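Here is a set of questions to work through with the model open. Try each one before reading on.

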Amino acid sequence: MKSITRAMLIACLVLPVIACGKKEEPQQVEAAPVAVPTTEDKTAWNAYLNDVAGRHMEGVNNSPYVYLVPPAPAPAADAPPAEATTADGDPTMSTPVDGAYERLLEKAEQDVARGITRGNLLIFAGLDSTRTADLTVASFAKVGAGTMNGVRVLFIGSAADSERVKAAVEPTGSQYVFIDNAG
């Protein structure tokens, strides 16, 4: 009788430990990618850029640098004609001031010129791919060759602009990643 009682006691103590040892691996369900925004809606762009950044953070140690290029300003109805003359008679081209774009360009140029260290991510995106490519190329214009090794640069735009952005970014030693905003 003692041996049966001992066997029952051992079974009662061992079975819960064995049952707890069998852990099922939680199934990781990858969320569907957020669609590329087709409007100027900042909320939609922020959601999209957060999703893209999350998918490209492998090996990145810091928060990404995100440059969301604003769309070109619409010409004002009361804007002067495209070519005007100054007081001294010299013809000048009249273009609308695009302060948001100029500030973003200056910030991007300063960030890149200051030096981005290994393990960082730069994201250039916007509704107008050509403007986004122009800003990206201008940002990397003064960067020395091989000075940004270990930095990942994402360009979100059209395939037509990708090659010229790639030509500006790759000499710096950065890893260039193109994401087609066509879908």
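Q: In this predicted model, which helix holds T132?
A: T132 sits within the stretch of residues 129–139. That stretch is a helix, and its name is α4.

Q: Is T132 buried or exposed?
A: Look at the relative accessible area of T132, which is 0%. The cut-off for buried is under 20%. T132 falls under that cut-off, so T132 is buried.

Q: Which residues does T132 touch, not counting those up to four places away in sequence?
A: Leave out the residues up to four places away in sequence. The contacts of T132 then include F124, A125 and G126. F155 and I156 are on the list too. The full set is V69, F124, A125, G126, F155 and I156.

Q: Are α4 and α5 roughly parallel or roughly antiparallel?
A: Helix α5 covers residues 159–169. The axes of α4 and α5 are 9 Å apart and make an angle of about 10°. Angles under 35 degrees count as roughly parallel. Therefore α4 and α5 are roughly parallel.

Q: Which residues of α5 meet α4, and how many residues in this contact are nonpolar?
A: From α4 come S129, T130, A133, D134, T136 and V137. They meet D161, R164, V165, A168 and V169 in α5. Sorted by class, the contact has three polar residues, three charged ones and a nonpolar group of five.

Q: How many aromatic pairs are in the whole structure, and what is the geometry of W45 and Y48?
A: The search of the whole structure finds four aromatic pairs. One of them joins W45 and Y48, at 6.0 Å centre to centre. Their planes are 85° apart, and over 60 counts as edge-to-face. So the geometry of W45 and Y48 is edge-to-face.

Q: Why are W45 and Y48 separated by about one helical turn?
A: Both residues belong to helix α2, residues 42–55. W45 is buried, and Y48 is buried too. They are about one helical turn apart because their spacing in α2 is three residues.

Q: Which residues do ring pairs link into a cluster?
A: Follow the ring pairs from one aromatic residue to the next. They build a cluster of Y67, F124 and F140.

Q: What is the strand order of the open sheet, and which strands are its edges?
A: Four strands form the sheet, with parallel pairing, in the order β1-β4-β5-β6. An edge strand pairs on one side only. The twist averages 15° from one strand to the next. The edges are β1 (65–69) and β6 (175–180).

Q: How many bridges join β5 to β6, and what is the partner of I156?
A: β5 covers residues 152–157 and runs parallel to β6. The two strands are joined by six bridges. In β6, I156 has as its bridge partner I179.

Q: How many bridges join β4 to β5, and what is the partner of I123?
A: β4 and β5 run parallel. They are joined by five bridges. In β5, the partner of I123 is L154.

Q: Are the faces of β5 covered or not covered?
A: On one side, R152, L154 and I156 are buried. On the other, V153, F155 and G157 are buried. Six of the six residues in β5 are buried. Both faces of β5 are covered.

Q: Which strands does α3 lie across, and at what angle does α3 run to β1?
A: Helix α3 covers residues 99–114. It lies across β1 and β4. The angle of α3 to β1 is about 155°.

Q: Is D51 buried or exposed?
A: D51 lies in helix α2. D51 touches P33 and V34, not counting residues up to four places away in sequence. Its relative accessible area is 16%, and buried means under 20%. So D51 is buried.

Q: Is A145 buried or exposed?
A: A145 is in the loop between α4 and β5. It touches P171 and T172, not counting residues up to four places away in sequence. Its relative accessibility is 67%, and the cut-off for exposed is over 50%. So A145 is exposed.

Technical notes: Residues numbered from 1 in each chain as written. Predicted model: local features only at pLDDT ≥ 70, side-chain atom pairs only at ≥ 80, totals over all residues. Heavy atoms only, no water. Buried < 20%, exposed > 50% of the residue type's maximum accessible area, 1.4 Å probe, protein only. Contact = heavy atoms within 4.5 Å. Axes fitted to C-alpha atoms, helices over the stretch in contact; angles between N-to-C directions. Parallel < 35°, antiparallel > 145°, perpendicular 65-115°, else oblique. Nonpolar A, V, L, I, M, F, W, Y, C, P; charged D, E, K, R; others polar. Phe/Tyr/Trp six-rings, centres within 6.5 Å; stacked < 30°, edge-to-face > 60°. Pairing = 2+ DSSP bridges.
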